[in-house]
Amino acid sequence: MSTYFVSILISIISVGLSDLEVFSGRVIYMDSYESKHPDISAATLEKLLGTTREFFIDNQFYKSIYYGEIKTTVLYRGDVNKIFRFKDDNDTIYWIDAAIDTLSIVSESRLEETEDTILGLKCQKLTVVTNTGIVTYYFNNEYALLPRAFSRHRLECWDFYTATAKALPLKIV
């Protein structure tokens, strides 16, 4: 009986400690683009979407701000599993249910060790192949996140990525 109680206590303490190690804060991404459309250049995409993006995360909530000519803010609320998008020059907020993504179906993934370092941290690499393309994420568990907080966030396979990597991406290709 006392062993059972100690096991439960250790489990509760472990769960609490693992939440303390989760990254909460701001990451600044430097974005660059490669256009696959002949009528849209990479320079046009950089001008419209910007080359700097701020990303804020706190458990099941994130906000991403794109600083281009079209300044756009994207908010994710895990409590309602919705993504809200709005532009500074518009008074309309659009939302989408993050549970619905019929386009991005994972057909293959590869998790690899790599010699790449970002912010002085050695990264792992996760390549995800879907029917819409290939995305490669570089991450380090120094920027850990809670996979369960995004388990219903199916849009662009974010649920798959977070469950596999358990960390915020430091670079996305």
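Two strands count as paired if DSSP finds at least two bridges between them. With that in hand, the tour can start; the model shown is predicted.

**Stop 1: β8 and β9.** Select residues 121-130, strand β8, and then residues 133-144, strand β9. The two run antiparallel and are joined by 7 bridges. They make a hairpin, with 2 residues between the strands. Now pick L126 and look across to β9, where Y137 stands opposite.

**Stop 2: β7.** Add residues 106-118, which are strand β7. β7 pairs with β8, again in the antiparallel sense, over 9 bridges. L126 serves as a marker here too: in β8, L126 is the bridge partner of L111. This pair of strands is also a hairpin with 2 residues between them. Select L119 in the turn of that hairpin; its phi is positive, about 55 degrees.

**Stop 3: the surroundings of β8.** Show the rest of the structure around residues 121-130. Is this strand largely enclosed or open? Of its 10 residues, 7 are buried, so β8 is largely enclosed by the rest of the structure.

**Stop 4: I40.** Move to the loop between β1 (25-30) and α2 (42-49), where I40 lies. I40 is partly exposed because its relative accessible area, 35%, falls between the cut-offs of 20% for buried and 50% for exposed. Apart from neighbours within four places in sequence, I40 contacts S35 and L45.

**Stop 5: a surface patch.** Continue into helix α2 and select L49. L49 is partly exposed, with a relative accessible area of 32%. Add L48 and I70: with L49 they form a nonpolar patch on the surface, and together the three have about 190 Å² of accessible area.

Terms used:
Residues numbered from 1 in each chain as written. Predicted model: local features only at pLDDT ≥ 70, side-chain atom pairs only at ≥ 80, totals over all residues. Heavy atoms only, no water. Helix = DSSP H or I, 4+ residues; strand = E, 2+ residues; numbered from the N terminus. Buried < 20%, exposed > 50% of the residue type's maximum accessible area, 1.4 Å probe, protein only. Contact = heavy atoms within 4.5 Å. Patch = residues over 30% accessible without salt bridge, like charges linked within 9 Å, V, L, I, M, F, W, Y side chains within 5 Å. Areas by Shrake-Rupley, 256 points an atom, 1.4 Å probe, with all protein chains shown as cover. Salt bridge = Lys/Arg side-chain N within 4 Å of Asp/Glu carboxyl O.
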